[in-house]
Amino acid sequence: MEIRGTTRVCGLIGNPVGHSLSPLIHNTLADLLNMDMVYTTFQVESGCVETAVQGAYALNILGLNVTVPHKQAVMGALADIDELAKAIGAVNTLVRTPQGYKGYNTDILGLDRQMRDAGIDIKEKNCVILGAGGAARAIAFLCADKGADSVFVLNRTVQKAEDIADSANTYFGRNVVKALAIDCFADLPVQDYVVIQATSVGLYPNVQDVIIEDGTFYERAAAGIDIVYNPAETEFMRRMRFAGKPAFNGMKMLMYQAIAAFELYNGISVPKEAAQKVYELLERNFQNT
Ligand code: ATR
């Protein structure tokens, strides 16, 4: 990669940012597609987000990704916010417009593309989401937006699941998201559901951990996606496969959220072959760790 006077800068704001795979993904895409763009990370302290965004705009920075802990706070610094991202209450991508940055949530675009790749169609199907943190909230909105029949949010602290259900049902104007205590999974009134494991349970080094141990939960499912991608096969995925069901880790969600951001920054669409190359690179990256 050659950095010239014309090279546009994109980057990630968050804290911490040192572990991020986004530079690897974006710089590989820029290389593969001959884009005159470079991507780096910016560690931004809490309380400095608005200043950082204003400074980035003044510096003609083309686009930014936003990660923990700034996905909510950044919303106050934007000229415009995509409608679904606003309803979710979290933005992870800022795209430059003549008025200022516009905020999007490409985490959910990433999961949507991953599901399409895997042949999982949730329209008029039932979804089960494990967890009720920020990721679970965004995923519940995605499932409802894609026309799922019912979306069950299962959480240890049921109040948090109820909060997600209340805001999603108000936004979509139908009683689509339902809350349930995780211990009550046997009371799910549906089966053949698509499960999305949306907590950090099972993440390296706690690779033996899983939120639900009972095999019947997995036998009643149709397919499962874990947002965790390290290890490549989580305990959740292992149990899903043991029950004979397809299971996927969160690597493609990670990759596609970056690809969706790259497309929004540059106004292009990334060809399948380039996505495949990035995916292979990410897989190799984890084989080496
Ligand atoms: P996010 O990054 O998505 O915002 P988070 O806010 O840290 O993640 O949320 C983590 C989720 O994992 C929460 O739903 C949490 O359950 P509680 O709301 O009851 O705390 C869930 N979680 C974390 N560890 C868990 C465990 N050991 N068993 C069950 N649920 C767990």
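# Exercises on pockets, a helix and a sheet

The second largest pocket has a volume of about 210 Å³. Before we start: this is a predicted model, where local features need pLDDT of at least 70, side-chain atom pairs count only at pLDDT 80 or more, and totals for chains, interfaces and linings use all residues. Residues are numbered from 1 along each chain as its sequence is written, and side-chain values use heavy atoms, with hydrogens and water left out.

## Exercise 1: the second largest pocket

Task: find out which helices line the second largest pocket and what kinds of residues they bring.

Solution.
- Step 1. Get the terms straight: on a 1 Å grid over the protein atoms alone, a pocket is an open set of points where a 1.4 Å probe fits, with protein on both sides within 12 Å along at least five of seven lines, and lining residues have an atom within 4 Å of a point. Grid points are joined across faces, edges and corners, and a volume is the space filled by probe spheres set on the points.
- Step 2. Look at the lining: it has 14 residues, and Ala232, Asn249, Met251, Tyr279 and Glu283 lie nearest the centre.
- Step 3. Match it to helices, which are DSSP runs of H or I with at least four residues, while strands are runs of E with at least two, all numbered from the N terminus. Helix 4, helix 8 (235-242), helix 9 and helix 10 (272-287) each give at least two residues, and helix 10 has the largest share, with four.
- Step 4. Sort the lining by type: seven are nonpolar, three polar and four charged. Here Ala, Val, Leu, Ile, Met, Phe, Trp, Tyr, Cys and Pro count as nonpolar, Asp, Glu, Lys and Arg as charged, and the others, Gly among them, as polar.

## Exercise 2: the largest pocket

Task: describe the largest pocket in the same style, starting from its space.

Solution.
- Step 1. Its space is about 1,500 Å³.
- Step 2. Its lining takes in 48 residues, with Thr67, Val68, Lys71, Ala135 and Ile227 nearest the centre.
- Step 3. Strand 3 (63-66), helix 4 (106-117), helix 5 (134-145) and helix 9 (251-266) each add at least two lining residues. Helix 5 supplies the largest share, five residues.
- Step 4. By type, the lining splits into 23 nonpolar, 20 polar and five charged residues.

## Exercise 3: helix 1 and its lead-in

Task: work out why helix 1 can be called largely enclosed.

Solution.
- Step 1. Buried means under 20% relative accessible area, exposed over 50%, and partly exposed in between (1.4 Å probe, protein chains only).
- Step 2. Start just ahead of the helix: Ser20 sits in the loop between strand 1 (8-14) and helix 1 (22-32), and it counts as buried because its relative accessibility is 18%. The Ser20 side chain reaches the backbone nitrogen of Ser22 at 3.0 Å.
- Step 3. Eight of the eleven residues of helix 1 are buried, so the rest of the structure largely encloses it. Among those buried are Pro23, Ile25 and Leu29.
- Step 4. The cover over them includes strand 2 (37-43), strand 3, helix 9 and helix 10, with contact meaning heavy atoms within 4.5 Å.
- Step 5. After helix 1 comes Asn34, with a positive phi near 55°.

## Exercise 4: the six-stranded sheet

Task: say which strands form the edges of the open sheet.

Solution.
- Step 1. Two strands pair if DSSP finds at least two bridges between them.
- Step 2. The six strands run in the order 9-8-7-10-11-12, with parallel pairing. Strand 9 (177-181) and strand 12 (247-248) are the edges, as each pairs on one side only.
- Step 3. Zoom in on one pair: five bridges join strand 7 (residues 126-130) to strand 8 (residues 150-155), and Leu130 has Leu154 in strand 8 as its bridge partner.

Methods: A polar contact is a pair of N or O atoms within 3.5 Å; within protein, one must be able to donate a hydrogen and the other to accept it, and residues adjacent in sequence count only if both atoms are side-chain atoms.
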